[in-house]
Amino acid sequence: LTIDAWIKPDDKNGIIVSKWDWQNNRASYMLAYNYSWDGRIWFFISEHGDGIGTRLVSNTVMAPGSSLWHRITAVYQPSTYMKIYIDGVEDASLTTGVPSAIRSGATRVFVGASELWGSCSTHYGGGIDELRIMNVATAPSAIQTLAVPATAGWAPSAELTAGLPIT
């Protein structure tokens, strides 16, 4: 699994993207920005859907409120590793206790939020653009390429700030 997006952090905790139903034991994966606790990117994988999952936290603290966009990439290779890249550079890695699978099943994917009892929760207050969810663990060289804007002066085309379910 690879989750890749440009984000602009705000001063609010929030879910960047999730397939994670907190209350109904239908958790699969989640990528979040946690400003109030530590200002870091959190990446979760749940093998059994129990809402706990295995967590990887970035080493880099990302300051909210600036005009800077950052390329965030989270990569999961079953039983092998979980990694977080910030702007194309590996920032955090987990190689022990990595789940052997992601829980599959009927849970909606939410952009900018997660699901709680059938509705949107934990909205992300910053900007999100060019979100990609891929069913492969992307190679580091490809991640470095994704982090470089195609043209000088590039900026994301639009900001997505409300939680939207993808069904």
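**Exercise 1. Determine where D87 lies, and whether it is buried or partly exposed.**

Solution. D87 is found in the loop that links β7 to β8 (89–94). The model under study is a predicted one. The relative accessible area of D87 is 34%. Buried means under 20% and exposed means over 50%, so D87, at 34%, is classed as partly exposed. As for the backbone, the phi of D87 is near 55 degrees, a positive value in a residue other than glycine.

**Exercise 2. Carry out the analysis of location, exposure and phi for S79.**

Solution. Begin with location: S79 sits in the loop between β6 (70–77) and β7 (81–86). Next, exposure: with a relative accessible area of 48%, S79 is partly exposed. Finally, phi: S79 has a positive value near 65 degrees, although this residue is not glycine.

**Exercise 3. Describe the surroundings of I7.**

Solution. I7 belongs to strand β1, residues 2–8. Its relative accessible area is 0%; since buried means under 20%, I7 is buried. Neighbours within four places in sequence are then set aside, and the contacts of I7 include I16, I41, M62, L68 and Y124. The C-alpha atoms of I7 and Y33 are 9.5 Å apart, while 26 residues separate the two in sequence.

**Exercise 4. Place I7 and I16 within the largest nonpolar core.**

Solution. This core has 27 residues, and I3, I7, I16, L31, I41, F43 and M82 touch the most other members. The elements that give two or more residues to the core are β1, β2 (14–21), β3 (26–34), β4 (40–45), β6, β7, β8 and β9 (109–111). Another core, of seven residues, lies apart from it; W20, A32, W42 and F44 are among its members. In soluble globular proteins, nonpolar side chains tend to be buried together. Beyond its neighbours within four places in sequence, I16 has contacts that include I7, L31, I41 and F110.

**Exercise 5. Identify the strands that pair with β2, and state how many bridges are involved.**

Solution. First consider burial: eight of the eight residues of β2 are buried. Next take β3, which pairs with β2 in the antiparallel sense over seven bridges. Within this pairing, D21 stands opposite R26 of β3. The hairpin of β2 and β3 has four residues between the strands, and N25 there adopts a positive phi near 50 degrees. Lastly, β9 runs antiparallel to β2 and is joined to it by two bridges; here S18 faces F110 of β9 as its opposite residue.

Methods
Residues are numbered from 1 along each chain as its sequence is written. This is a predicted model: local features need pLDDT of at least 70, side-chain atom pairs count only at pLDDT 80 or more; totals for chains, interfaces and linings use all residues. Side-chain values use heavy atoms; hydrogens and water are left out. Buried means under 20% relative accessible area, exposed over 50%, partly exposed in between (1.4 Å probe, protein chains only). Contact means heavy atoms within 4.5 Å. A nonpolar core is a set of buried Ala, Val, Leu, Ile, Met, Phe, Trp, Tyr and Cys residues joined through side-chain atoms within 4.5 Å. Two strands pair if DSSP finds at least two bridges between them.
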